[in-house]
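Please walk through this protein with the model open beside the sequence. The paragraphs below go from one hairpin to the overall layout, and then to the interior and to a few individual residues.

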Amino acid sequence: YIALKRVDTLREDESWISCYIQYYMNSGVGPIHWVAPEFFSHRYNEKADVFSLGTLFFAILERDFIEIDGKPLYGAFKRIPGGGKVGIGYAMANYDPNITIQFSPYAQGSGA
């Protein structure tokens, strides 16, 4: 899927024409360990926000985190041999696009 943006253009005869152009977002905002795999190829659209929201929900339920400068940073992580815990989007972009993660029994309500 691609995102399309409607553009209204004034033609030389002073009539208007509408056309659609393909576009991608280009600003990186937010914690890197929440971003979608597409972010790393610089070709992403609003669907990447849905991925980030999913990692946020996962982080809330799992309470999994990494520490950077002594601060816990919550997210959805995958443990990579030789690479430690990395964000799921980064793992999908750089290791395996088919990587999956599962909720723990604690997050499912049976390990409290």
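**From a hairpin to the interior**

Ile-80 has Gly-84 as its bridge partner in E6. This pair belongs to a predicted model, in which strand E5, residues 77-80, and strand E6 pair in the antiparallel sense over four bridges. The two strands form a hairpin with three residues between them, and in that turn Gly-82 has a positive phi of about 80°.

A second hairpin can be found earlier in the chain, where strand E3 (residues 65-68) and strand E4 (residues 71-74) also pair in the antiparallel sense, over four bridges. Within this pairing, Ile-66 stands opposite Leu-73 of E4. E3 and E4 are joined as a hairpin with two residues between them, and Asp-69, which lies in the loop between these strands, has a phi near 55°, a positive value in a residue other than glycine. With a relative accessibility of 76%, Asp-69 counts as exposed, because the cut-off for that class is over 50%.

These hairpins are part of a protein with two helices and six strands, whose elements, read from the N terminus, follow the order β-β-α-β-β-β-β-α. Of its 112 residues, 23% count as buried. Among contacts between residues at least 6 apart in sequence, 27% join residues that are at least 24 apart.

What makes up the largest nonpolar core? It consists of eight residues in all, namely Phe-58, Ala-76, Ile-80, Val-86, Ile-88, Ala-91, Met-92 and Ile-99. Helix H2, residues 88-94, gives the largest share of this core, with three residues. Apart from it lies another core, of five residues, which include Val-35, Phe-39, Tyr-44 and Ala-48. To return to the largest core, its member Val-86 is in contact, once neighbours within four places in sequence are left aside, with Ala-76, Phe-77, Lys-78, Ile-80, Ala-91 and Tyr-95.

The next topic is charge. A search of the whole structure finds one salt bridge, and it is formed by Asp-64 with Lys-85, whose closest N and O atoms are 2.7 Å apart. The pair links distant parts of the chain, since Asp-64 is in the loop between H1 and E3 while Lys-85 is in strand E6 (residues 84-87), 21 residues apart. Asp-64 counts as partly exposed because its relative accessibility is 24%, and Lys-85, at 26%, counts as partly exposed as well.

Arg-63 is likewise found in the loop between H1 and E3. Although Arg-63 is not a glycine, it has a positive phi of about 60°, and its relative accessibility of 48% places it among the residues that count as partly exposed.

Glu-62, by contrast in its surroundings, is buried and has its place in helix H1, which covers residues 47-62. Which side chain of opposite charge is nearest to Glu-62? It is that of Arg-63, but the distance is 8.5 Å, and Glu-62 has no salt bridge; the 4 Å limit for a salt bridge is therefore not met by this pair. The side chain of Glu-62 does reach the backbone nitrogen of Ser-104, at 2.6 Å. Beyond its neighbours within four places in sequence, Glu-62 is in contact with Gln-102, Phe-103, Ser-104 and Ala-107.

The last residue to examine is His-33, which has its place in the loop between strand E2 (16-23) and H1. Is His-33 buried or exposed? Its relative accessibility is 9%, so His-33 counts as buried. Leaving aside neighbours within four places in sequence, the residues in contact with His-33 are Leu-73, Tyr-74, Gly-75, Ala-76, Phe-77 and Gly-87. One of these, Gly-75, is 42 residues from His-33 along the chain, yet the C-alpha atoms of the two are separated by 6.2 Å. Among the other contacts of His-33 are Leu-73, which was met above opposite Ile-66 in the hairpin of E3 and E4, and Ala-76, which is part of the largest nonpolar core.

Technical notes: Residues numbered from 1 in each chain as written. Predicted model: local features only at pLDDT ≥ 70, side-chain atom pairs only at ≥ 80, totals over all residues. Heavy atoms only, no water. Buried < 20%, exposed > 50% of the residue type's maximum accessible area, 1.4 Å probe, protein only. Lys, Arg positive; Asp, Glu negative; His and termini not counted. Polar contact = N/O pair within 3.5 Å; in protein donor to acceptor, adjacent residues only side chain to side chain. Contact = heavy atoms within 4.5 Å. Pairing = 2+ DSSP bridges. Core = buried A, V, L, I, M, F, W, Y, C linked by side-chain atoms within 4.5 Å.
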